[in-house]
Amino acid sequence: MHTDDLAQLQILLEQERTLQFDAFSHDDAWALGIRLRTIAAAQALPVAISIVLGDQRVFHAGLAGASADNDGWLERKFAVVRRYGHSSLAVGVEFRSRGVDFDVDSRLDPTRFAAHGGAFPLFVRGSMVGVVGVSGLPQLDDHALIVEALRAQSAS
């Protein structure tokens, strides 16, 4: 086990425990998407942003500099969140903490699953109702952008 990865994993799991909602509607998804887009646009970040509730995409935006490749990354990250019920970054860190490679040791198709930061579960009272994702930055920055927006959303 890698100590740094375990410490990071605990932080990521704590984010998931604390960044939950009592309710999360289509309007809430739109507000979160706009919040993410506003933050990204203010910094001229080349990202794609997506939010799904269940299997329905309820928000999507691609900013200048993002491409269809980012949409593909979002789908692969979302598949990891749906499969494991944790952020895509937490899943990748958990595999690394055990000294194994997600792409090999998960036995999942790496063209369909990516355990890279940038997709985060949307929880309502402990139940996952959707996923929010960002793609286009280094994985830690994709994850941090989501956390920033979720914290702001839960505070408002």
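The following questions and answers concern the strands and helices of a predicted model.

Student: In what order do the five strands of the open sheet stand?

Tutor: The sheet is open and its pairing is mixed. β1 (20-21) and β3 (56-62) stand at the edges with a single partner strand each, so one side of each has no neighbour in the sheet. Read across the sheet, the order is β1-β4-β5-β2-β3.

Student: How many bridges join strand β2 to strand β5, and which residue in β5 stands opposite Leu 53?

Tutor: Strand β2 covers residues 48-53 and strand β5 covers residues 127-135. The two strands run antiparallel and are joined by six bridges. Opposite Leu 53, the residue in β5 is Gly 130.

Student: Which residues in β5 are the bridge partners of Phe 120 and Phe 123?

Tutor: Strand β4 (residues 119-124) runs antiparallel to β5, and six bridges join them. The partner of Phe 120 is Val 132. For Phe 123, the bridge partner in β5 is Met 128.

Student: What is the phi of Arg 125, in the turn between β4 and β5?

Tutor: β4 and β5 form a hairpin, with two residues between the strands. Arg 125 lies in that turn, and its phi is positive, at about 50°.

Student: Where does α3 lie relative to the sheet strands, and at what angle does it run to β5?

Tutor: Helix α3 comprises residues 68-84. The helix lies across β2, β3, β4 and β5. Its angle to β5 is about 150°.

Student: What distance separates the end C-alpha atoms of α3, and what span should its 17 residues have?

Tutor: At 1.5 Å a residue, the 17 residues of α3 should span 24 Å. The computed separation agrees with this, because the end C-alpha atoms are apart by 25 Å.

Student: Is α3 roughly parallel or roughly perpendicular to α4?

Tutor: Two packed helices are described by the angle between their axes and the distance between the axes. The axes of α3 and α4 (residues 88-97) come within 8 Å and cross at roughly 75°. Angles of 65 to 115 degrees count as roughly perpendicular. The crossing therefore makes α3, relative to α4, roughly perpendicular.

Student: Which residues in α4 are met by α3?

Tutor: From α3, the residues involved are Lys 77, Val 80, Val 81 and Tyr 84. By class, the contact has five nonpolar, one polar and one charged residues. On the α4 side, the residues are Ser 88, Val 91 and Phe 95.

Student: Which residue follows α3, and what is its phi?

Tutor: The buried residues of α3 include Val 80 and Val 81. After the helix comes Gly 85, with a positive phi near 75°.

Note on methods. Residues are numbered from 1 along each chain as its sequence is written. This is a predicted model: local features need pLDDT of at least 70, side-chain atom pairs count only at pLDDT 80 or more; totals for chains, interfaces and linings use all residues. Side-chain values use heavy atoms; hydrogens and water are left out. Axes are lines fitted to C-alpha atoms, for helices over the stretch in contact, and angles run from 0 to 180 degrees between N-to-C directions. Helices (H or I, at least four residues) and strands (E, at least two) are DSSP runs, numbered from the N terminus. Angles under 35 degrees count as roughly parallel, over 145 as roughly antiparallel, 65 to 115 as roughly perpendicular and the rest as oblique. Contact means heavy atoms within 4.5 Å. Ala, Val, Leu, Ile, Met, Phe, Trp, Tyr, Cys and Pro count as nonpolar, Asp, Glu, Lys and Arg as charged, and the others, Gly among them, as polar. Two strands pair if DSSP finds at least two bridges between them. The expected span of a helix is 1.5 Å times one less than its number of residues. Buried means under 20% relative accessible area, exposed over 50%, partly exposed in between (1.4 Å probe, protein chains only).
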